Amino acid sequence: MGRKIARAKVGVLAVGLAAYWPQFKGMREGVLGHYKSLLGKFGDDVEIFDAGLVDSIEGARAAELLFAANDVDVVFGHLTTYATSEPLMLAMGRLDVSVVLLNVQSVPALDVSKVRGIGDWLGVAISCAALPEMTATLLRTGKRFDIVTGYLVGDALVDRRIDDWCGAAAVRRTLRTSSIGLLGRPYPGMTDLALDETALFARFGAYVRHLNWEDAANQLPNVTAGERAQRRAAIAETFEIPADVEASALDEIAGVLAAFDRLVAANGLCALANHYEGAVAAEHAGILAASNPAFSILMREGIACPVEGDMKVALAMLALKRVAGTATLAELYSMDFENDLLILGHSGAADVSIGSKKPVLKRTDVFHGKSGGGFLTQTYPQPGPMTLLSLTQGANGDFRFVAAEGEIVEGPAMELGDTNCRVRFGL
């Protein structure tokens, strides 16, 4: 089932110095050509608002109006030559978004033997001259910014950094245009999950919608035969299904998944943090039993579904999924001092995209530490680089991302029905 991913709205402008154009014939046209090449680095997954070459107060104010009217998520400023900071300062004006300074010159290096005039340098490879002034002004005006440095053609790092920023902007757009669902309530006693939802909205634009398991149950009668059949096919395609799992159980999972589809659509959700507390009501037993495979497929499709009702984790998962392509909930399972590694994993649902082979459906009588029982999904994460990302809060309520980079290494997994893997971290 395809899900519509929010397209980031991206403002782009080139910064130049109008005093140069009459002095050096063809220079303006040259830097515009470089800027046009840079625009080609943005893919179809973003919506571009192009302010063109900004080299005057009037042009800067027009750029600000363009970006503000279209509610852009980020602004990229290409430093095409030396330029004063005035155009960028005015273009950012009252915008409350990050600006990415593209310190990207047209060539990897000047061939100084061919520089015959000042224009051969100013119009080709002097973007870095403007950088200190731009950053000083952005600091003094309280703007958030980043710098991407490199050259125009063939610099893979520049391309990757632009893609990363577009991905981050898409996360921002998603959070500001859809909601995080809280199905049930956070796991009691996990005090780090306590959250000021108003502060979350103020900082990220993320709005939390409170849902009950009855809301999911109420969607089940609305599921059509076609929806059930479509989701039944997705389950067969996704999981390795043991022989003892009856067709009727798979049909039930398909129905629950389709009901969650409807719940997500009806509430405009980008995430569905969930937890079931207390004795399982009869009308919820089937939904709870089927929830892990259902949530696993939703996660593959871009809907973050962390257990334990952790909304901060939901936001971190959304960010990783959009930027890196996969994101699954994990915790520290065990320390292996003999092999200098950690075992990481989590029970319940997992992003099935993270696996190197088909995940396995497994039955369990109990969801350990939680209510009910039913199906678990065990994926087998691919060896290679991995990133841990979480969102937490300090004593003054400020949000902070915490990240760690490691490597998933080959080795046996615990066959518990939980996704788990062996990870080695550097210092």
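Here are some numbered notes to help you find your way around this structure, which is a predicted model.

1. Let's start with the whole chain. The protein has 427 residues, and 49% of them count as buried. Its secondary structure adds up to twelve helices and 15 strands. If you draw a box along the principal axes, the C-alpha atoms fill roughly 80 × 50 × 45 Å. Among contacts with a separation of 6 or more, 74% link residues that are 24 or more positions apart.

2. Now look for the sheet of five strands. This sheet is open, its pairing is parallel, and its order is β2-β1-β3-β4-β5. At the edges stand β2 (46-54) and β5 (145-151); each has a single partner strand, so one side of each lacks a neighbour in the sheet. On average, neighbouring strands here are turned by 20° against each other, direction ignored.

3. One pairing in that sheet is worth tracing by eye. Strands β3 (residues 74-79) and β4 (residues 98-105) run parallel and are joined over five bridges. To see one of these partnerships, find H78 and look across to L102 in β4.

4. Two helices go with this sheet. Helix α1 (residues 27-39) lies across β1 (8-15), β2, β3 and β4, at about 170° to β2. Helix α2 lies across β1, β2 and β3, and its angle to β2 is also about 170°.

5. Is E64 buried or exposed? This glutamate sits in helix α2 (residues 57-69). Its relative accessibility is 7%, and the limit for a buried residue is under 20%, so E64 counts as buried. The E64 side chain comes to 3.0 Å from the backbone nitrogen of R94. Beyond its neighbours within four places in sequence, E64 touches L90, A91, G93, R94 and L95.

6. Next, move along to the sheet of three strands. Its order is β7-β6-β8, and this open sheet has parallel pairing. The edge strands, β7 (207-211) and β8 (269-275), each pair on one side only. From one strand to the next, the twist averages 25°. Five bridges connect β6 (residues 179-184) with β7, and S179 stands opposite Y207 of β7.

7. Helix α10 (residues 247-267) lies across β6, β7 and β8, and runs at about 125° to β8. Which residues have the most contacts inside the largest nonpolar core? They are L175, I180, L200, F204, F260, L272 and F295, in a core of 63 residues. Helix α10 gives this core its largest share, nine residues. Apart from this core lies another one of 29 residues, including V10, A14, Y35 and F76.

8. L200 deserves a closer look. Setting aside neighbours within four places in sequence, L200 is in contact with L195, G205, A206, V208, L315, L391 and F399.

9. One of those partners, L315, is a buried residue of helix α12. Eleven of the 14 residues of α12 are buried, so this helix is largely enclosed by the rest of the structure. Among the buried ones are K312 and K321. The helix also passes a simple length check: at 1.5 Å a residue, α12 (residues 311-324) should span 20 Å, and its end C-alpha atoms are 20 Å apart, which agrees.

10. Finally, check both ends of α12. D310 caps the N-terminal end, with a side-chain oxygen 3.2 Å from the backbone nitrogen of K312. Just after the helix, G325 takes a positive phi of about 100°.

Terms used:
Residues numbered from 1 in each chain as written. Predicted model: local features only at pLDDT ≥ 70, side-chain atom pairs only at ≥ 80, totals over all residues. Heavy atoms only, no water. Pairing = 2+ DSSP bridges. Helix = DSSP H or I, 4+ residues; strand = E, 2+ residues; numbered from the N terminus. Axes fitted to C-alpha atoms, helices over the stretch in contact; angles between N-to-C directions. Contact = heavy atoms within 4.5 Å. Core = buried A, V, L, I, M, F, W, Y, C linked by side-chain atoms within 4.5 Å. Buried < 20%, exposed > 50% of the residue type's maximum accessible area, 1.4 Å probe, protein only. Expected span 1.5 Å × (residues − 1). Polar contact = N/O pair within 3.5 Å; in protein donor to acceptor, adjacent residues only side chain to side chain.
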